[in-house]
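Got your viewer open? Load the model below, keep the selection tool handy, and we'll hop from stop to stop.

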Amino acid sequence: MATTKRDYYQVLGVERNATPDEVKKAYRKLAVKYHPDKNPGDKAAEDKFKELGEAYEIISNPDKRAAYDRYGHQAFSQGGGMGGGGGVHDPFDVFREVFGSGGRGGGGGIFESIFGDGFGQDTGERGGRGRGADLRYDMQITFQEAARGVEKEIEIAKLQSCDICHGSGAEPGSKVTTCATCGGQGQVAVTRGFFNIAQTCPRCRGAGQTIEKPCRACHGEGRTEKTSKIKIKIPAGVEDGTRLRSSGQGEGGSRGGPSGDLYVVLHVEAHDVFQREGTDLFCSVPISFAKAALGGEVKVPTLEGSAVLKVPAGTPSGKVFRLRGKGMPEVHGRGVGDLHVKLYVEVPTKLNLDQKHKLQAFADSCDEHTHPEENSFFKKAKDFFK
């Protein structure tokens, strides 16, 4: 059963002329309020969080916002020009991008990551196990690869768990003990006047542990730089600028902490024949004057190969024909767009003498019934030629 979506501006609580900064500020405030980590088990809050992510994804993008302002939600429905959902991503991805970190997992919850764990800063997990950083990889793909989907293997250098100490940071055989100064908290409280301020433990430097002998390979960090090969599956129908997330493929965490995520940003090469708008494709095909006048068949390109288009007699230059289901697939598998073929009459430029004579004879034989639009125009504009 279809559901009615709320206006995106109403969801964010901003006016339709709100600036990008105002939109972002409104999203940040509401996203923190309704984040599932702050409202465990609250289905209504979770739905609002997802709704906020969808609204911000559209309104924060100038092109998508323009389409929404003009067509509303219909711009992102199947066949609406922008493709189903408008390329909306996981709401936690949107949240992570706006706040710069966090999301879910690693560091004990999103609110510790943003606001700290009660001492005013994010210390990661107990024992110094910090979440690894997220990584970004920009990938160039062809138009055809974007249309059909493809699997790519990339090679990146990143920090990963040390093979010698297996992420502990300690030389094999040496002891790892709880820091006696901070009791494993990684922080110590310092009294300054009326305030108690938490500071990084000077002995363990926030790790919460002391190592008898640091690992010789990673110098106690628990990770070293290695080159990894990662396979990325690109679904059919992706657009330029699409972000793909590979969970756990970012940098390894310190002292055996959880790994970050890898974000692959796709850059789709322009095509020589097709232009794209959402899931729809557009192309222009030249035809001769004779075929436009007499009618016939013309071959037109599609993503699957050539197709035959029947041209009615008297087809004017600029006429657009629609081939249903010959466009780009929707990235979430909700159908395929259409191909719009614009025919334009090619004017011959290199005529031999015989062709000129025959064309002139044809022109001399024409009357007002041969070119009715031309005659109608001059009748309407006769006063301008007096």
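Select Met139 and Leu266 to begin: Leu266, in strand β9, is the bridge partner of Met139. Strands here are DSSP runs of E with at least two residues, while helices are runs of H or I with at least four residues, and both are numbered from the N terminus. A quick note on what you're looking at: this is a predicted model, where local features need pLDDT of at least 70, side-chain atom pairs count only at pLDDT 80 or more, and totals for chains, interfaces and linings use all residues. Residues are numbered from 1 along each chain as its sequence is written, and side-chain values use heavy atoms, with hydrogens and water left out.

Now widen the selection to residues 135–141, which is strand β1, and show β9 as well: the two pair in the parallel sense over 7 bridges. (Two strands pair if DSSP finds at least two bridges between them.) Next, add strand β8, residues 243–246, which pairs with β9 in the antiparallel sense over 4 bridges. Zoom in on Leu244 and you'll find Val264 of β9 opposite.

How many of the residues of β9 are buried? Select 262–268 and turn on the surface: 6 of the 7 are. Buried means under 20% relative accessible area, exposed means over 50%, and partly exposed is in between, using a 1.4 Å probe and protein chains only.

Time for some charges. Side chains of opposite charge can pair when their charged atoms come close. We call it a salt bridge when a side-chain nitrogen of Lys or Arg is within 4 Å of a carboxyl oxygen of Asp or Glu, and this rule gives a count of 22.

Pick Asp261 and Arg131, whose side chains form a salt bridge at 3.6 Å, N to O. Asp261 sits in the loop between β8 and β9 and Arg131 in the loop between α6 (110–115) and β1, so this pair ties together parts 130 residues apart in sequence. Asp261 is buried, at 7% relative accessibility, whereas Arg131 is partly exposed at 25%.

Jump to Glu51 and Arg6, another salt bridge, at 3.0 Å, N to O. Glu51 belongs to helix α3 (residues 43–59) and Arg6 to the segment before α1 (8–12), 45 residues apart.

Then try Lys358 and Asp354, joined by a salt bridge at 3.3 Å, N to O. They are 4 residues apart in helix α9 (residues 353–365), which means about one helical turn separates them. Lys358 is exposed, at 55%.

Last stop: select Glu57, Lys64, Glu97 and Arg243 together, and you have a network linked by salt bridges.
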